[in-house]
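Please examine the following structure alongside its sequence. The discussion below proceeds from a pair of rings to the overall fold, and then to individual elements and residues.

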Amino acid sequence: MNHPDVIRHMPLADGNWTEKSVIDWVAGKDSQWTMNGYGPWAIRIDGVFAGWGGFQKEADGADFALVLLPKFWGYGAALFRSMLGRRAELNIGSVSILLPPSRLRLRGLARLGFVPDGELEYEARRFLKFRLR
């Protein structure tokens, strides 16, 4: 979460993560598993930490996020499909994703089945919302 290429399109990240802020963040993400029965996973590829991703409960379904270190960016679609394959097992209905307007390459979303679903503001930042068909 401190890597400049990772946080470039993450307007809520400030790049000033400390050991304590990481511990608090992980505890918050882990608590989602207890509260909702699902949440994000740490992702390891060939035994190496590659990033994190998964589902977070929202009022109208689950939001999906995937954050990978640049070395692993080519794995995104396969990871998404793998995680989405667990949707029924996790009792997740509708899935959305939020992206900042700075993300210009969006054709891959359509290939994964996402369609535009409006915009929203979160912590005074604008996001584009996409929903899985």
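Is Tyr75 buried, partly exposed or exposed? In this predicted model, Tyr75 has a relative accessible area of 38%. That value makes Tyr75 partly exposed, because the partly exposed class lies between the limits of 20% and 50%. Phe72, by contrast, has a relative accessibility of 6% and counts as buried.

The two residues also belong to the aromatic pairs of the protein. A pair of aromatic rings is described by the distance of the centres and the angle of the planes. Pairs are counted here when the ring centres lie within 6.5 Å, and by this rule the count comes to seven aromatic pairs. Phe72 and Tyr75 form one of them, with 6.1 Å from centre to centre and 50 degrees between the planes, and this pair is tilted. Elsewhere, Trp33, Trp41, Phe55, Phe64, Phe80 and Phe114 form one aromatic cluster.

The overall architecture can now be set out. The protein contains four helices and six strands, and along the sequence these follow the pattern α-α-β-β-β-α-β-α-β-β. Of the 133 residues in the protein, 34% are buried. The accessible surface comes to about 8400 Å², and carbon and sulfur atoms account for 54% of this area. Among contacts with a separation of 6 or more, 45% are between residues 24 or more positions apart.

Helix H2 offers a check on geometry. H2 covers residues 19–36, which are 18 residues in number. At 1.5 Å a residue, H2 should span 26 Å, and its end C-alpha atoms are 26 Å apart, so the expected and modelled values agree. Gly37 follows H2 and has a positive phi, near 85 degrees.

Helix H3, residues 76–84, illustrates how burial is arranged around a helix. Its buried residues include Gly76, Leu79, Phe80 and Met83. Viewed down the axis of H3, the buried residues fall within an arc of 100 degrees, and therefore they line one face of the helix. The general geometry is as follows: an α-helix has 3.6 residues a turn, so residues three or four places apart point the same way. The cover over the buried residues of H3 includes strand E1 (40–45), strand E2 (48–58), strand E3 (61–68) and strand E5 (114–122). Phe80, one of these buried residues, is also a member of the aromatic cluster.

A charged side chain may be considered next. Where does Lys129 lie? Lys129 is in strand E6, which comprises residues 125–132. Lys129 has a relative accessible area of 13% and is buried, because the limit for this class is under 20%. The side chain of Lys129 is joined to that of Asp60 by a polar contact of 2.9 Å. Leaving aside residues up to four places away in sequence, Lys129 touches Asp60, Ser96, Ile97, Leu98, Val115, Pro116, Asp117, Gly118, Glu119 and Leu120.

The loops hold further points of interest for backbone conformation. Most residues other than glycine have a negative phi, and most peptide bonds are trans. Asn91 has a positive phi of about 60 degrees although it is not a glycine. Asn91 is located in the loop between H3 and strand E4 (95–99), and a relative accessibility of 69% places Asn91 among the exposed residues. Ala124 likewise has a positive phi, near 60 degrees, and is a residue other than glycine. Ala124 occupies the loop between E5 and E6 and is exposed, with a relative accessible area of 65%.

Glu89 is also found in the loop between H3 and E4. With a relative accessible area of 56%, Glu89 is exposed. The side chain of Glu89 makes a polar contact of 2.8 Å with the side chain of Arg86. Glu89 also provides a link back to the residue that follows H2: Glu89 and Gly37 are 52 residues apart along the chain, while their C-alpha atoms are separated by 10.0 Å.

A further spatial relation involves strand E2, where Glu58 is placed. Glu58 is partly exposed, with a relative accessible area of 35%. Between Glu58 and Val95 there are 9.3 Å in space, C-alpha to C-alpha, and the two are 37 residues apart in sequence.

Terms used. Residues numbered from 1 in each chain as written. Predicted model: local features only at pLDDT ≥ 70, side-chain atom pairs only at ≥ 80, totals over all residues. Heavy atoms only, no water. Buried < 20%, exposed > 50% of the residue type's maximum accessible area, 1.4 Å probe, protein only. Helix = DSSP H or I, 4+ residues; strand = E, 2+ residues; numbered from the N terminus. Arc of directions from axis to C-beta. Contact = heavy atoms within 4.5 Å. Polar contact = N/O pair within 3.5 Å; in protein donor to acceptor, adjacent residues only side chain to side chain. Areas by Shrake-Rupley, 256 points an atom, 1.4 Å probe, with all protein chains shown as cover. Expected span 1.5 Å × (residues − 1). Phe/Tyr/Trp six-rings, centres within 6.5 Å; stacked < 30°, edge-to-face > 60°.
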